[in-house]
Protein chains: 4
Amino acid sequence: MSRFADRQGPIRLGMVGGGQGALIGGVHRIAARLDGAFDLVAGALSSTADKAKASGLEIGLSEDRIYHDFTEMAERESRRADGIEAVAIVTPNHLHLPVARAFLERGIHVICDKPLTGTMADATALKAAADAADAVFILTHNYTGYPLVREAKARVDSGALGEIRLVQVEYAQDWLAEDPSPDNKQAAWRTDPALSGIGGAIGDIGTHAWNIARFVSGLQPEALSADLQSFVSGRRLDDNAHVLLRFAGGARGMLWCSQVAAGAENGLRLRVYGTKAGLDWQQENPNVLKVTPLGGPTTLITRASKSTGEAAQRLSRIPPGHPEGFFEAFANIYGEAALAIRAHRTGDALPPHVTFPTLADGMEGVAFIAACVASSTANGQWTAL
Amino acid sequence: MSRFADRQGPIRLGMVGGGQGALIGGVHRIAARLDGAFDLVAGALSSTADKAKASGLEIGLSEDRIYHDFTEMAERESRRADGIEAVAIVTPNHLHLPVARAFLERGIHVICDKPLTGTMADATALKAAADAADAVFILTHNYTGYPLVREAKARVDSGALGEIRLVQVEYAQDWLAEDPSPDNKQAAWRTDPALSGIGGAIGDIGTHAWNIARFVSGLQPEALSADLQSFVSGRRLDDNAHVLLRFAGGARGMLWCSQVAAGAENGLRLRVYGTKAGLDWQQENPNVLKVTPLGGPTTLITRASKSTGEAAQRLSRIPPGHPEGFFEAFANIYGEAALAIRAHRTGDALPPHVTFPTLADGMEGVAFIAACVASSTANGQWTAL
Amino acid sequence: MSRFADRQGPIRLGMVGGGQGALIGGVHRIAARLDGAFDLVAGALSSTADKAKASGLEIGLSEDRIYHDFTEMAERESRRADGIEAVAIVTPNHLHLPVARAFLERGIHVICDKPLTGTMADATALKAAADAADAVFILTHNYTGYPLVREAKARVDSGALGEIRLVQVEYAQDWLAEDPSPDNKQAAWRTDPALSGIGGAIGDIGTHAWNIARFVSGLQPEALSADLQSFVSGRRLDDNAHVLLRFAGGARGMLWCSQVAAGAENGLRLRVYGTKAGLDWQQENPNVLKVTPLGGPTTLITRASKSTGEAAQRLSRIPPGHPEGFFEAFANIYGEAALAIRAHRTGDALPPHVTFPTLADGMEGVAFIAACVASSTANGQWTAL
Amino acid sequence: MSRFADRQGPIRLGMVGGGQGALIGGVHRIAARLDGAFDLVAGALSSTADKAKASGLEIGLSEDRIYHDFTEMAERESRRADGIEAVAIVTPNHLHLPVARAFLERGIHVICDKPLTGTMADATALKAAADAADAVFILTHNYTGYPLVREAKARVDSGALGEIRLVQVEYAQDWLAEDPSPDNKQAAWRTDPALSGIGGAIGDIGTHAWNIARFVSGLQPEALSADLQSFVSGRRLDDNAHVLLRFAGGARGMLWCSQVAAGAENGLRLRVYGTKAGLDWQQENPNVLKVTPLGGPTTLITRASKSTGEAAQRLSRIPPGHPEGFFEAFANIYGEAALAIRAHRTGDALPPHVTFPTLADGMEGVAFIAACVASSTANGQWTAL
């Protein structure tokens with residue numbers, strides 16, 4: 001039983017990473033705050049003391065809960081009566097393992113950005129740490145927080161699409177189409193194998209595409225054949241990946257991710273085709289899900305409309321026609337995390353409709369990256385998953 | 001100078017209205033919280049004591065700051081050292097005047113939902129109260145918080161569209177296409193003249209359309225000719241309005257709002273045409289602004305992209321392609337309000353780029369409603385504004 | 001009985017107007033030819049002999065059937081054994097009456113471009129001529145030839161939309177946003193009251209919008225209130241029109257047409273809302289009709305799909321997903337004309353599904369223009385139709 | 001020099017295949033007729049005498065020019081003074097070789113539907129026949145007739161996209177998602193290896209996708225890796241294909257074609273990404289080409305607009321905003337064919353802007369099919385092209 005078993009009110013949250021100039025830390029902070037379920041009270045936003053302090057003060061942390069050493073943070077917070085109950089990890093990938101381990105060991109729940117780790121070895125070690133800990137682990141594959149992605153999954157699960165035959169998924173961007181400027185921190189670490197791990201685009205956004213495809217289709221992967229490229233001269237990680245997919249039962253698929261597709265912003269799109277119907281969802285206009293029964297007209301299922309089921313409606317805040325977006329979807333993952341953490345407090349079982357990306361999903365994501373790299377290295381050889 | 005002149009940290013906020021079952025109160029709470037600039041600490045969420053209490057506890061208010069009488073709330077909060085600095089008013093329209101007055105008189109800033117009031121008399125009285133008070137008044141015409149609406153305005157202001165000739169604005173919904181169920185609180189008061197005032201659809205959403213058209217085009221209205229209908233049998237307020245518009249300098253326009261347009265969700269769309277270019281923005285996919293120079297191709301200006309200017313970028317949180325939506329736009333109004341309140345603390349002038357709907361905009365909105373009603377009653381006679 | 005009662009094969013067609021440099025003549029020629037039902041064999045493509053000859057030779061007419069005087073053409077063709085059976089009139093509006101009369105008097109069917117005439121007086125005279133003649137009169141309000149416009153009408157007629165409440169129709173262009181170059185023949189005559197008649201934009205494209213709204217909705221007009229403008233300095237006819245509409249039974253509507261809406265190409269859009277459903281069709285992507293039942297999701301009805309009925313399918317040539325466009329829709333009017341002409345040959349009744357814009361529709365269109373002009377002149381007074 | 005060197009007027013055309021119940025024959029007839037450049041005067045529309053006669057009469061052929069034996073037709077037409085100058089071949093694939101050979105040998109130009117042949121052996125034999133003949137050979141890869149596909153190519157050729165990195169092309173349908181009814185002739189032969197050849201979806205629509213990708217990108221293929229499936233039980237040819245592509249110079253691509261993608265109609269889409277810009281075109285709304293310079297906004301290039309160049313404008317018939325569609329694009333191929341045939345008459349060189357799919361393109365298409373089948377059979381082995 002959690003030492004916070006009797007606690008009411010927002011969950012006290014810490015954050016590691018996300019200092020000034022970082023992108024994803026701010027996203028996590030908004031997501032955590034949006035529904036009022038979390039209260040950010042501590043942070044090691046940078047490993048540099050000065051920057052950690054400046055960053056912490058800027059976002060309103062008490063000076064005594066601003067750290068620059070995450071181990072110290074884990075240590076001290078775990079001993080405070082009002083210590084954090086969960087930590088958000090928003091560092092480059094290579095730190096996910098050590099940071100997560102430090103908090104998991106002390107029973108502090110972890111909300112970790114994706115991919116799980118930069119390498120399979122790290123992933124395995126992190127799994128061991130999580131298995132040994134009495135704490136919840138949530139991976140922020142945030143796109144599964146979109147209500148209509150839940151609706152898509154519910155429709156597949158219900159059999160409305162029939163037997164799934166095809167999964168076409170893509171995630172195209174262009175922000176790395178040229179050599180980034182040196183002061184783009186995000187670009188710097190994402191293109192550095194030491195910080196990012198073995199995957200470039202395939203690790204950063206390919207895993208998102210893979211995760212959402214798996215989440216919605218429910219298909220079990222069998223093997224893949226990948227062709228990875230680094231188009232920008234001197235780049236050490238892939239910036240484009242083409243992947244053929246085979247699933248158990250004979251379904252097939254394609255995954256494309258790119259960070260050099262000139263003109264693409266965040267073009268995540270998932271299409272799933274079954275024997276009875278097909279569906280189509282795009283992140284850039286996420287409040288519409290196209291569903292087409294074979295032989296019938298395409299229907300535009302809008303978020304929170306009467307055409308959506310409970311799985312989508314419980315994650316909506318406002319009637320249809322008022323767009324919810326990226327932050328609300330991300331907040332939905334935090335909302336699921338809050339439910340999981342509260343259930344953990346009391347030992348209650350989590351209701352079946354509560355779902356979030358887990359460590360197992362993270363392991364699968366890293367395995368996906370590794371298989372893509374291996375297949376591409378072997379000139380596209382079909383590689384088991 | 002404000003008694004909170006030295007205060008740091010989030011602005012302490014109270015709320016009147018927004019109890020269980022209400023829609024817009026929850027929206028304001030998320031908007032206030034999203035960027036961390038406000039802290040909701042007190043509320044008279046309902047005038048019924050039991051419901052006020054249940055509603056307040058549900059959202060985490062301290063029991064001693066849960067009220068059911070807004071005057072008492074204004075009184076007691078104004079005397080607390082940690083009293084609220086601002087109040088959000090999310091009641092039906094007929095209460096905007098008394099509630100706002102109660103807080104304005106005590107120097108508490110007011111963030112009020114639209115329309116300003118249900119009648120012109122109330123609007124005039126509210127203006128008098130605000131003029132007499134040392135407090136900021138913000139009206140939540142939230143659509144002006146969308147970054148690309150700011151971009152649209154900036155482009156008009158810059159002269160990029162040339163001389164404006166035409167403004168086509170519409171806001172179509174269908175949620176009142178049939179007699180609503182009696183337990184739809186929102187529908188109940190919006191269709192009741194005693195609570196909603198003289199305008200139905202024209203008051204609820206017509207004023208939004210009017211406000212955004214005025215905000216972006218910058219045109220000065222001269223006169224309008226309106227045809228208002230109540231299509232649903234027994235309805236006492238308009239549920240559809242067609243309005244022709246004339247602006248100073250010869251520009252013309254059309255405004256359509258409807259709550260009975262079967263299939264429409266929140267179809268707010270603004271098109272502005274000038275001698276040099278036209279633009280087109282739709283709320284349901286708000287991250288794209290279409291701009292077409294005469295003779296050139298339509299360009300899709302996306303939120304936060306390099307094609308946007310400072311006016312839009314300062315209200316964006318995440319790179320383009322990741323959709324921001326309704327809550328972020330609403331939060332932008334709260335963000336502007338926070339800047340205005342902080343400037344008020346210290347007496348600093350507000351930077352010119354900070355802009356929000358004011359009491360004057362609210363007066364204009366009620367005058368617009370009144371003119372529409374008068375014109376329609378006079379069989380569409382052109383009525384001065 | 002027609003003198004061509006026994007004739008097989010394509011209908012022999014003549015053309016008046018449509019010489020070199022003209023736009024709409026070429027459109028009629030393609031439309032007439034597309035399905036092989038007509039054979040263009042004679043023409044008075046210009047009133048200037050040289051130009052008439054050059055134009056006629058260019059399109060392959062025999063020299064002996066090239067005329068520059070339409071009366072002579074009517075006379076001589078009516079006496080040839082292989083004379084034309086029908087004539088397409090594609091002149092400026094002011095010639096519609098004399099040309100049509102010349103052919104109608106000789107029993108030659110008339111396929112006339114819209115609007116029917118430039119003035120009400122001409123329209124009345126043309127009606128008299130047509131009433132006196134034993135010939136078919138077809139007006140090329142070509143947009144009613146789109147299969148999905150037929151589908152829309154069929155759905156309204158079937159009651160699927162319930163009782164119609166609202167009709168929103170618009171037709172926006174920008175080709176006259178500036179003073180056109182003098183060698184733009186099309187612009188020259190369309191902006192000249194002597195050639196175009198009393199209506200500018202309202203005559204050229206407003207009548208199209210009006211016609212399609214009437215065709216689909218089936219509503220009977222009662223009155224309108226119009227505000228017409230000429231934005232371009234020195235222009236003698238309207239280039240923009242805003243019109244409020246009232247229909248029998250209480251339905252309301254709005255019509256906007258413009259030739260100065262910067263960025264608009266041929267933005268004809270029709271939306272019809274009933275008590276049970278709404279529909280939305282746009283000419284620029286005419287192969288999709290959006291239909292939304294109240295409370296249900298929008299359905300995308302595609303041309304020739306199983307979701308369309310007979311009225312649409314009989315006018316389709318290719319499976320859905322292969323776009324048919326402007327010429328096919330125009331050809332559908334010619335196709336209906338061919339059926340009507342063939343039925344006239346034998347005296348057979350026309351099957352009820354064959355429908356095309358008639359002289360009565362044309363009269364109604366000119367009456368609509370006249371009412372708009374009158375209402376606008378009277379400062380928007382509601383004017384009966 | 002052609003025996004028709006002095007001929008004026010439409011080109012006399014014959015047709016083999018395309019009898020009652022066939023789809024593509026009717027398409028060719030409309031395409032040939034639309035611009036008035038061809039006159040269909042002879043046909044062997046079926047190999048069954050009765051059906052050939054009924055089909056021929058129905059479309060207005062003279063009885064003496066209705067054949068059921070294509071060799072006889074070639075023979076007799078080649079001896080008539082008014083014999084056909086060109087023949088359209090719209091039979092199942094297995095007949096392309098013998099039919100084409102019969103006409104080519106007699107100096108009659110061939111306009112042949114795609115793919116060139118069902119097998120590589122047939123393709124080679126056809127090439128030999130064509131090389132030996134004094135006749136033009138045109139393959140109707142009709143999608144290259146869309147003006148905006150020409151515009152796309154022109155922009156790539158001009159260097160506006162920079163160095164091409166990626167080509168993503170897809171063509172998704174669902175008309176074979178289930179076992180077709182036995183009376184669907186089109187489905188029957190397309191799924192029969194004896195008639196269709198070695199490719200199913202990859203032959204029917206994959207070659208279209210391949211052709212348009214090659215046409216626009218100008219890239220030289222190096223190798224592909226394919227995964228072909230037959231999802232419908234008992235189907236002997238592929239109904240879905242996933243293909244990875246490698247081009248000379250390092251560009252990469254993906255091609256997906258499917259006839260079992262529930263909800264897809266004729267979803268041909270091409271995206272090309274270069275170092276400077278990307279473009280996106282979709283057949284289902286072919287009048288818009290999206291072009292996005294890196295770092296700039298997406299521009300919507302519309303057919304015939306001022307933003308298009310000569311390559312697109314010469315193939316447009318009507319101003320932008322009036323949709324041209326499938327038939328017009330197909331007619332553009334016929335238009336190019338007419339220019340080529342006329343140039344052949346006189347021995348004139350073809351102007352460089354006249355372009356159409358040739359026998360070489362057809363050879364390449366069959367080689368593409370063969371490589372896909374070979375690669376898929378070898379479990380996705382990269383196969384040279």
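This passage walks through one contact between chains, one helix pair and one pair of domains.

The model is predicted, so local features need pLDDT of at least 70 and side-chain atom pairs count only at pLDDT 80 or more, while totals for chains, interfaces and linings use all residues. Residues are numbered from 1 along each chain as its sequence is written, with chains lettered from A and ligands numbered from 1 in the order in which they are written.

Chain B and chain C each put 32 residues into their contact (two residues touch if their C-beta atoms, placed from the backbone, lie within 7 Å). On the chain B side, β9(B) gives the most, with four residues (strands are DSSP E runs of at least two residues, and helices are H or I runs of at least four, both numbered from the N terminus). This side of chain B has 14 nonpolar, 13 polar and five charged residues; Ala, Val, Leu, Ile, Met, Phe, Trp, Tyr, Cys and Pro count as nonpolar, Asp, Glu, Lys and Arg as charged, and the others, Gly among them, as polar.

Within chain B, helices α1 (residues 24-34) and α11 (residues 326-346) pack at about 70°, their axes 8 Å apart. Axes here are lines fitted to C-alpha atoms, for helices over the stretch in contact, and angles run from 0 to 180 degrees between N-to-C directions. That makes α1(B) roughly perpendicular to α11(B), a label for angles of 65 to 115 degrees. Their contact has nine nonpolar, no polar and one charged residues.

Chain A splits into domain 1 (11-135) and domain 2 (147-316 + 361-377), with bounds from an automatic or database domain assignment. Their C-alpha centres lie 27 Å apart, and the contact takes 15 residues from domain 1 and 17 from domain 2 of chain A.

Notes
Angles under 35 degrees count as roughly parallel, over 145 as roughly antiparallel, 65 to 115 as roughly perpendicular and the rest as oblique.
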